[in-house]
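Colleague: I would like to go through the aromatic rings in this structure. Please take them one at a time.

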Amino acid sequence: LKADAAAIARHFGADAGNDPWTGGHISPLHPAPVIISNGRIGGRRYLKPRLWGVPPPPSGTSPITSVRNVNSPFWIGTLRHMELRCLVPVTSFAFWSRRTGQNVQHHAYVTHQPIFAFAAIMRQTEDWPSFAILHEENNRLLRHYRDGAMPVIIPPDQYDLWLSGAWKAAQKLVRPFPSQYMHVE
């Protein structure tokens, strides 16, 4: 995330408060800025620090960083509550390709969007305010490099729907982002 808290707040029309984010690499189990809303369409947005990785279910031992099955009983209650949905600002995301027989790191960007957003959910616990990013099947572009899933990217005109809309409508945003609006380096 090569943008500081002030630039992120401007892009999302959010209040940055005292968020100390100066830009840099985001990785699991470390803090990152997220965008939350007051729960109303067109309502106020806030930039808040959260840890990447929600506490696991009772049978788990490791924090969970990605949501791949939005119909899972573990996630559906959270997803239905708009106040627990958030956006994770990013400028690019890294992924590894193994198609050539060796691991090569690539970076994916959204064309003409210097800052874009992943769909995410939060878990509100007293000692661990955290988030996990939603994933969906790779789009055609990323399938060229690897099998698997990609983060769900929310278009700017749909930020309010993700943050404040009913789950029935917001769920339609959980899909691969169109390849023609992305590039890989």
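Modeller: This is a predicted model. At 15% relative accessibility, Trp52 lies under the 20% cut-off, so Trp52 counts as buried.

Colleague: Is Phe131 buried or exposed?

Modeller: The relative accessibility of Phe131 is 0%. The cut-off for burial is under 20%, so Phe131 counts as buried.

Colleague: How are the planes of Trp52 and Phe131 arranged in their aromatic pair?

Modeller: The ring centres of Trp52 and Phe131 are 6.1 Å apart, with 10 degrees between the planes. Planes under 30 degrees apart count as stacked. The pair of Trp52 and Phe131 is therefore stacked.

Colleague: How many residues apart are Trp52 and Phe131 along the chain?

Modeller: Trp52 belongs to strand E3 (residues 45-52), and Phe131 to strand E9 (residues 130-137). The pair links distant parts of the chain, and the separation is 79 residues.

Colleague: Phe74 and Trp75 also form an aromatic pair; which arrangement does it have?

Modeller: Their centres are 4.7 Å apart and the angle between the planes is 75 degrees. An angle over 60 degrees counts as edge-to-face, so the pair of Phe74 and Trp75 is edge-to-face.

Colleague: Which of Phe74 and Trp75 counts as buried?

Modeller: Phe74 has 24% relative accessibility and counts as partly exposed. Trp75 has 6%. Buried means under 20%, so the buried residue is Trp75.

Colleague: Which residue lies over the face of Phe74?

Modeller: The distance to the ring centre of Phe74 is 4.5 Å. The residue over that face is Arg123.

How values were computed
Residues are numbered from 1 along each chain as its sequence is written. This is a predicted model: local features need pLDDT of at least 70, side-chain atom pairs count only at pLDDT 80 or more; totals for chains, interfaces and linings use all residues. Side-chain values use heavy atoms; hydrogens and water are left out. Rings of Phe, Tyr and Trp (its six-membered ring) pair if their centres lie within 6.5 Å; planes under 30 degrees apart count as stacked, over 60 as edge-to-face and the rest as tilted. Helices (H or I, at least four residues) and strands (E, at least two) are DSSP runs, numbered from the N terminus. Buried means under 20% relative accessible area, exposed over 50%, partly exposed in between (1.4 Å probe, protein chains only). A charge sits over a ring if NZ of Lys or CZ of Arg is within 6 Å of the ring centre and within 35 degrees of the ring normal.
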